[in-house]
Amino acid sequence: MLMGYSEKSLFFPGKPLYRNLEINPSQLLRTRETPTAMLTLPTKIRRKKQPYIAIRSRLSRRQLERQAIVFLTELRSYMVTNAFDVIGPAYFRFNAFEDNGEADMEFGFFTDKQYTVPYPMRSGLLPGGTFTTVTWQGEYSRLDDVNLVLLGWGAINKIAWEDAKIDGAGFEGCRLAIFHKTPRIEPNAENLLTELAILHKTAA
């Protein structure tokens with residue numbers, strides 16, 4: 001299981017599980033086993049358009065872990081070899097979820113500007129706008145719960161997430177997992193830092 005995403009949250013996103021308005025998300029995921037784990041309250045923020053380099057793929061659940069490692073390793077190697085000025089955090093972008101369990105995703109890194117890159121890499125701009133975001137300090141195995149907190153918070157507050165129709169298929173506007181502190185630089189799993197963010201629908 002990569003980054004702690006289970007099928008119910010990543011490939012089969014369903015109805016939010018958290019309906020109790022008295023729940024404090026910052027305490028919700030604390031356990032005796034992970035007493036230092038912390039989750040920020042969902043927060044609305046404005047993001048500018050973000051340059052990136054990524055590889056896009058349609059893949060099944062079984063392919064996710066292996067392909068993510070392959071794609072991110074290939075991208076980082078290319079950026080280091082070509083002396084990119086800035087290599088930002090790694091991210092996943094969840095574009096679309098299929099009923100058959102496949103997902104259309106991007107695996108990439110934030111950069112300081114757009115670059116000309118060889119296929120199958122792509123460079124572009126992630127959309128700016130208002131996002132609701134939460135940040136989780138702790139093991140990846142709990143990111144499923146973090147995702148549900150974010151979706152539940154959006155449902156409670158009647159937030160409309162950005163989406164689009166492309167060739168009749170539904171696509172997420174911009175749904176991200178941003179890995180600010182990973183095992184590559186932080187050996188202690190309790191100190192890993194991951195941000196989940198979803199773009200709000202633009203007012204008509």
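These are my notebook entries on what I looked up in this predicted model.

**Ground rules**

I number residues from 1 along each chain as its sequence is written, and side-chain values use heavy atoms, with hydrogens and water left out. Since the model is predicted, local features need pLDDT of at least 70 and side-chain atom pairs count only at pLDDT 80 or more, while totals for chains, interfaces and linings use all residues.

**Entry 1: overview and confidence**

I started with pLDDT, the predictor's confidence in each residue, from 0 to 100. The chain averages 80, and 77% of the residues score at least 70. Over residues 1–33 pLDDT stays under 50. I still found 85 contacts beyond four places in sequence for that stretch in the model; a contact means heavy atoms within 4.5 Å.

Next I listed the elements: 4 helices and 11 strands. Helices (H or I, at least four residues) and strands (E, at least two) are DSSP runs, numbered from the N terminus. Helix α1 (residues 7–10) has the lowest mean pLDDT of these elements, 40, and strand β6 (residues 121–126) has the highest, 96.

Then I checked burial: 48% of the 204 residues are buried. Buried means under 20% relative accessible area, exposed over 50%, and partly exposed in between (1.4 Å probe, protein chains only). I also looked at contacts between residues at least 6 apart in sequence, and 76% of them join residues at least 24 apart.

**Entry 2: aromatic rings around F92**

How many aromatic pairs does the whole structure hold? My search gave 9. Rings of Phe, Tyr and Trp (its six-membered ring) pair if their centres lie within 6.5 Å; planes under 30 degrees apart count as stacked, over 60 as edge-to-face and the rest as tilted.

I picked F92 and F107, an edge-to-face pair at 5.1 Å centre to centre with 75° between the planes. F92 sits in strand β4 (residues 90–97) and F107 in strand β5 (residues 103–110), so this pair ties together parts 15 residues apart in sequence. Both are buried: F92 has a relative accessible area of 1%, and F107 has 0%.

F92 also pairs edge-to-face with F179, at 5.0 Å centre to centre and 70° between the planes. That pair links distant parts of the chain, as F179 is in strand β10 (residues 175–181), 87 residues away from F92. F179 is buried as well. I noted one aromatic cluster made of F71, F92, F94, F107, Y140 and F179.

**Entry 3: the cores**

A nonpolar core is a set of buried Ala, Val, Leu, Ile, Met, Phe, Trp, Tyr and Cys residues joined through side-chain atoms within 4.5 Å. The largest has 38 residues, and I53, F92, M105 and F107 have the most contacts inside it. Which helix gives the most to this core? It is α3, with 7 residues. Another core, of 11 residues, lies apart from it and includes Y52, A54, F131 and A197.

I followed F107 a bit further: leaving out residues up to four places away in sequence, it touches I53, A54 and F71, among others.

F131 caught my eye again, with R47 lying over its face at 5.6 Å from the ring centre. A charge sits over a ring if NZ of Lys or CZ of Arg is within 6 Å of the ring centre and within 35 degrees of the ring normal.

**Entry 4: helix α4 and what follows**

I checked the length of α4. The expected span of a helix is 1.5 Å times one less than its number of residues. For the 14 residues of α4 that should be 20 Å, and its end C-alpha atoms are 20 Å apart, which agrees. I found 11 of the 14 residues buried, including L143, L148 and G154.

Just after α4, K158 takes a positive phi of about 55°. K158 is in the loop between α4 and β8. Is K158 buried or exposed? At 75% relative accessibility, K158 counts as exposed.

W161 lies in the loop between α4 and β8 too. Its contacts beyond four places in sequence include T132, L150 and H200.

**Entry 5: odds and ends**

A83, in the loop between α3 and β4, has phi near 55°, a positive value in a residue other than glycine. At 58% relative accessibility, A83 counts as exposed.

I also found a cis peptide bond joining Y119 and P120, with omega about 10°. P120 lies in the loop between β5 and β6.
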